[in-house]
Amino acid sequence: MFVHRPYCLRVAGILLAMLALALVVVWPILRDHRGTEVTRYRNALRAESGVAEDFAWTPANWPSDFQREQGTVPPALKQWPGLQNSEILDVWPRSLKLAGAITSKAHKGNMIAKPTMATLKIMEETGAGYCADYTKVFNAIAYAGNIQVRQWSFSFDGFGGWGHTFNEVWDDSAKRWKMIDVFNGFYPRDLNSGEVLSALEFRDRLFSAPKSIVWERLEKDRFGFQDDAEAFRYFRRGANEWYLWWGNDPLTYDANFLVALAAKFGRMPEQVAGLLTGAMPRFKILLSKENELAVATLHRVKTFLLAAAISEALLFSLLVWQLTQWRRSVRQ
């Protein structure tokens with residue numbers, strides 16, 4: 001019995017070390033009731049840094065590593081009422097039509113976080129959904145409606161889970177990107193020219209000429225703010241933490257076998273599967289002097305998570321080896 005005691009102690013020590021390391025990793029999540037730290041961990045593993053030139057591309061030259069939607073449009077989406085006869089419209093009027101169809105029911109803002117088609121069904125039936133639900137659904141509907149789209153986000157908390165996300169569509173006739181915030185029910189126009197602003201033009205105006213922004217409502221009673229001033233304060237507060245998702249493929253993501261399997265057990269397992277399989281797109285942060293510290297902190301979080309994962313793997317290997325040695329000693 002005493003012969004095996006060293007093995008017991010070593011195995012117990014390894015298990016204790018693994019548990020302690022895991023606790024260090026999950027402790028910020030356990031303390032956070034808003035879910036921002038889980039998102040920060042996810043973002044740390046998907047974030048890359050970029051400068052303005054990295055976002056200047058058009059659908060004529062998609063980045064080779066951009067995860068474009070190329071999946072099969074579900075029959076239910078092809079038959080979705082909002083898409084019927086939309087092909088007769090030019091891209092921008094078509095985009096507004098689809099956005100209006102999505103927001104026809106007053107939304108409650110409750111998170112859905114389910115596969116795209118299930119999300120659309122719940123949105124139409126109950127009005128539930130928050131910004132990420134709306135952008136995901138709009139990405140899919142835009143693809144079905146032959147509209148080129150990409151998705152921007154920003155945060156208020158150092159690239160954690162407190163922030164917002166919205167879309168941008170490519171108007172081929174105007175040869176420019178045009179921003180549209182389906183969840184908050186508006187798109188920005190220039191006061192003088194009347195031209196719809198791109199996402200980056202809108203961001204620049206938040207700093208340089210906020211009075212030149214016209215907050216054009218999709219519908220009068222669907223604006224997500226009390227007034228333009230509140231909307232400006234909201235977007236200006238997050239203007240230093242903008243990033244572009246390097247993919248627009250929710251249908252392909254949903255069709256991934258492991259992602260679909262993990263989704264049955266909840267949102268966190270689904271996102272872990274998305275990370276491990278590469279189905280979840282990366283994103284590029286618009287670097288600036290104002291967000292250098294937040295970006296550096298996010299990179300440190302990534303280093304910490306990778307180091308923790310490697311350490312757990314090494315400890316597990318050591319545990320297996322110790323158990324193997326213990327088993328051999330018992331046989332002898």
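Me: Which residues of β7 are buried on one side, and which on the other?
Reply: This is a predicted model. In a regular strand the side chains alternate between the two faces of the sheet. Both faces of β7 are covered. One side has the buried residues Trp 242 and Leu 244, and the other has Tyr 243 and Trp 245.

Me: In what order do the strands of the open sheet stand?
Reply: The sheet has 6 strands, and their pairing is mixed. Its edge strands are β1 (47-50) and β4 (176-180), each pairing on one side only. Neighbouring strands are turned by 30 degrees against each other on average, direction ignored. The order is β1-β8-β7-β2-β3-β4.

Me: In which sense do β1 and β8 pair, parallel or antiparallel?
Reply: Strand β8 covers residues 283-286. Ser 49 stands opposite Ile 285 in β8. Between β1 and β8 there are 4 bridges, and the sense is parallel.

Me: Which residue in β8 is the bridge partner of Tyr 243?
Reply: β7 and β8 run antiparallel. They are joined by 3 bridges. The partner of Tyr 243 in β8 is Ile 285.

Me: Which residue of β7 does Trp 152 stand opposite?
Reply: β2 and β7 pair over 3 bridges. Their sense is antiparallel. Opposite Trp 152 in β7 stands Leu 244.

Me: Where do the buried residues of α4 lie, seen down its axis?
Reply: The buried residues of α4 are Val 91, Trp 92, Arg 94, Ser 95, Leu 98, Ala 99 and Ile 102. Seen down the axis, they fall within an arc of 160 degrees. They therefore line one face of the helix.

Me: Which elements are among those that cover the buried residues of α4?
Reply: Helix α4 (residues 91-102) packs on the sheet and touches β3 (163-171) and β4. Its direction makes about 20 degrees with that of β4. The cover on its buried residues includes α5 (116-126), α6 (131-144), β3, β4 and β5 (186-190).

Me: How does α7 lie relative to α8, roughly parallel or roughly perpendicular?
Reply: The axes of α7 and helix α8 (residues 228-237) come within 10 Å. They cross at roughly 105 degrees. An angle of 65 to 115 degrees counts as roughly perpendicular. So α7 is, relative to α8, roughly perpendicular.

Me: Which residues of α8 do Phe 202, Leu 206 and Phe 207 meet?
Reply: Helix α7 (residues 199-208) also lies across β2 (149-155), β3, β4, β7 (242-245) and β8. It runs at about 175 degrees to β7. On α8, its residues Phe 202, Leu 206 and Phe 207 meet Phe 232, Phe 235 and Arg 236.

Me: Does Thr 36 count as buried or exposed?
Reply: Thr 36 lies in helix α2 (residues 36-46). Leaving out residues up to four places away in sequence, Thr 36 touches Asp 157, Gly 160, Gly 161 and Trp 162. Its relative accessibility is 10%. Buried means under 20%, so Thr 36 counts as buried.

Me: What does Trp 326 count as at 23% relative accessibility?
Reply: Trp 326 lies in helix α12 (residues 292-331). Trp 326 and Cys 8 are 318 residues apart in sequence and 8.3 Å apart in space, C-alpha to C-alpha. Buried means under 20% and exposed over 50%. At 23%, Trp 326 therefore counts as partly exposed.

Me: What separation do the C-alpha atoms of Trp 321 and Asn 139 have?
Reply: Trp 321 is also placed in helix α12. At 48% relative accessibility, Trp 321 counts as partly exposed. Along the chain, Trp 321 and Asn 139 are 182 residues apart. Their C-alpha atoms are separated by 48 Å.

Key
Residues are numbered from 1 along each chain as its sequence is written. This is a predicted model: local features need pLDDT of at least 70, side-chain atom pairs count only at pLDDT 80 or more; totals for chains, interfaces and linings use all residues. Side-chain values use heavy atoms; hydrogens and water are left out. Two strands pair if DSSP finds at least two bridges between them. Helices (H or I, at least four residues) and strands (E, at least two) are DSSP runs, numbered from the N terminus. Axes are lines fitted to C-alpha atoms, for helices over the stretch in contact, and angles run from 0 to 180 degrees between N-to-C directions. Contact means heavy atoms within 4.5 Å. Buried means under 20% relative accessible area, exposed over 50%, partly exposed in between (1.4 Å probe, protein chains only). The arc is that of the directions from the helix axis to the C-beta atoms. Angles under 35 degrees count as roughly parallel, over 145 as roughly antiparallel, 65 to 115 as roughly perpendicular and the rest as oblique.
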